[in-house]
Structure formats: structure tokens, C-alpha cells
Amino acid sequence: MKKFNRVLALLLMVIATMSLTACSLFSTSYTAASGFFYSSDKGHSYGDGTKEYEVGETVYMKVKFKVTSDKKKTTQVKVVLTIPNVQNVDAKYMDGQVITPNFDAVNNVTTYEFTANASKNANEQECVIQFVPNAPGSVTMTLVYDDNIDSSYDIQSTLEFVEAKEEPKED
């Protein structure tokens with residue numbers, strides 16, 4: 001009986017080891033890189049520093065993201081951009097394809113969903129979003145990757161929106 005128990009215990013250990021090895025062979029590891037870049041000159045030049053824009057002024061925001069994996073085969077990863085308190089004007093990928101926003105009127109939040117193609121040799125993807133701030137204040141944009149990507153790769157960027165300056169009147 002002792003011999004049977006030992007053989008059974010050894011067999012269970014072998015099965016457990018094989019299961020763990022098989023899981024690691026089939027799981028995919030992901031990394032991501034992304035950035036926000038802003039322009040107020042119709043997208044002619046972009047910067048990534050702290051920016052202040054007037055309410056009613058069109059802001060051009062370029063979002064870049066890249067997801068790599070440890071596999072050659074391309075998989076798709078969902079990426080969600082959230083922008084609170086803005087009026088959507090236009091959103092396009094760099095190839096001109098339109099990105100349809102989702103607007104939540106209750107929370108006054110606009111979201112954009114992207115699909116990132118992840119692989120060992122993944123290319124950087126980018127899009128340009130034009131929006132107009134609705135009210136003065138500090139607004140934080142967030143770019144969140146789906147559950148396959150560690151949340152440490154999610155990023156935020158904050159802009160300040162201020163009241164429009166009045167032009168001096170000439171007499």
C-alpha cells in the first residue's frame with residue numbers, strides 16, 4: 001500500500017508539473033508603450049509638455065500606442081481612451097479612417113475604443129483626436145489597456161482649460 005501511495009504521489013507531481021509547463025507555453029506575455037502629444041496649431045506641431053488651452057479652442061491630441069508580445073502571431077488587444085468634459089470634433093487614425101466616439105451624457109465623458117495589433121514585431125499605431133473643451137478646469141485623459149496587459153502600462157495626461165481671454169476693444 002505504501003508503494004502504491006508513493007507511485008500515486010509521484011504521478012500527481014508529474015501531472016502538476018506538466019500542467020504548469022503547458023500553461024506557460026500557451027500564455028502570452030504583453031508589454032505596451034504609449035504617449036499623448038498636443039497641438040493648438042491645427043496639428044502642425046505637437047508637444048508632450050504641460051498644456052493650457054482656452055475653453056472653445058480646438059485641441060489636437062495625437063495618441064500613440066504599441067503593444068508587443070512574446071509571440072510571432074498577431075493578437076488583438078483592446079485599448080480605451082477616456083476624455084471627460086469635451087465636445088468631440090473629429091477622431092481619425094493616421095490613415096484617415098474615422099474613429100467613432102461613445103459619449104456618456106450623464107457623466108459628460110467621451111470614450112474611444114481602439115484595437116492594437118500585438119506581436120513580437122508590432123508597429124506603433126497613432127491617431128489624432130480633435131476636441132473642444134466645454135468648461136474651465138483640469139481634465140485628465142486616460143488610456144487603458146484590456147485585462148491582458150498589466151495596468152502599470154495604462155497612462156494619464158492632464159490638461160488645463162481656462163476661460164477665453166477677452167480681446168481688448170479698440171476705440
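Is Lys78 buried, partly exposed or exposed, and at what relative accessibility? Lys78 counts as partly exposed, at 42% relative accessibility. The points below set this residue in its surroundings. The model is predicted.

1. **Lys78 and its partner.** The side chain of Lys78 meets that of Glu113 in a salt bridge, at 3.9 Å from N to O. Lys78 belongs to strand β4 and Glu113 to strand β7, so the salt bridge ties together parts 35 residues apart in sequence. Glu113 is partly exposed as well, with a relative accessible area of 43%. The cut-offs explain the label: partly exposed lies between 20% and 50% relative accessible area.

2. **The strands that carry this pair.** Strand β4 covers residues 75-84, and strand β7 covers residues 109-118. The two pair in the antiparallel sense, over 10 bridges. One position to look at is Thr82, which stands opposite Thr111 in β7. Strands of a sheet pair through backbone hydrogen bonds, either parallel or antiparallel.

3. **The sheet around them.** Strands β4 and β7 are part of an open sheet of six strands. The order is β2-β10-β9-β4-β7-β6, and the pairing is mixed. Which strands stand at the edges? They are β2 (52-54) and β6 (102-104). Each has a single partner strand, so one side of each is left without a neighbour in the sheet. Neighbouring strands here are turned by 25 degrees against each other on average, direction ignored.

4. **The loop before β7.** Asn108 lies in the loop between β6 and β7. Its phi is near 55 degrees, a positive value in a residue other than glycine. Most residues other than glycine have a negative phi. Asn108 counts as partly exposed, at 25% relative accessibility.

5. **Strand β8 and its two partners.** Strand β8 takes in residues 125-133. It is mostly covered: eight of its nine residues are buried. Strand β3 (residues 59-69) runs antiparallel to β8, and seven bridges join the two. Val59 stands opposite Phe131 in β8. Strand β5 (residues 86-93) also runs antiparallel to β8, again with seven bridges. There, Tyr93 stands opposite Cys127 in β8.

6. **Charges between β8 and β3.** The whole structure holds four salt bridges. In one of them the side chain of Glu126 meets that of Lys62, at 3.6 Å from N to O. Glu126 sits in strand β8 and Lys62 in strand β3, 64 residues apart. Glu126 also forms a salt bridge with Lys64, at 3.9 Å from N to O. Lys64 lies in strand β3 too, 62 residues from Glu126. Shared partners join Lys62, Lys64 and Glu126 into one network.

7. **Two lysines, two labels.** Is Lys62 buried or exposed? Lys62 is buried, with a relative accessible area of 15%. Its value falls under the 20% cut-off, so the label follows. Lys64 has a relative accessible area of 23% and is partly exposed. Lys64 has a further contact: its charged end sits over the ring of Phe37, 5.2 Å from the ring centre.

8. **Aromatic residues.** How many aromatic pairs does a search of the whole structure find? The search finds four. One of them joins Phe36 and Tyr38, which are stacked. Their centres are 6.5 Å apart, with 10 degrees between the planes. Both Phe36 and Tyr38 are buried. Elsewhere, Phe65, Tyr93 and Phe114 form one aromatic cluster. Tyr93 is the residue already met opposite Cys127 in β8.

9. **The nonpolar core.** The largest nonpolar core has 32 residues. Those with the most contacts inside it are Met61, Leu81, Phe114 and Ile129. Phe114 is thus a link to the previous point, as a member of the aromatic cluster. Several strands each supply at least two residues of this core: β1 (30-39), β3, β4, β5, β7, β8, β9 (137-145) and β10 (155-162). Strand β3 gives the most, with five residues. In soluble globular proteins, nonpolar side chains tend to be buried together.

Key
Residues are numbered from 1 along each chain as its sequence is written. This is a predicted model: local features need pLDDT of at least 70, side-chain atom pairs count only at pLDDT 80 or more; totals for chains, interfaces and linings use all residues. Side-chain values use heavy atoms; hydrogens and water are left out. Buried means under 20% relative accessible area, exposed over 50%, partly exposed in between (1.4 Å probe, protein chains only). Helices (H or I, at least four residues) and strands (E, at least two) are DSSP runs, numbered from the N terminus. Two strands pair if DSSP finds at least two bridges between them. Rings of Phe, Tyr and Trp (its six-membered ring) pair if their centres lie within 6.5 Å; planes under 30 degrees apart count as stacked, over 60 as edge-to-face and the rest as tilted. A charge sits over a ring if NZ of Lys or CZ of Arg is within 6 Å of the ring centre and within 35 degrees of the ring normal. Axes are lines fitted to C-alpha atoms, for helices over the stretch in contact, and angles run from 0 to 180 degrees between N-to-C directions. A nonpolar core is a set of buried Ala, Val, Leu, Ile, Met, Phe, Trp, Tyr and Cys residues joined through side-chain atoms within 4.5 Å.
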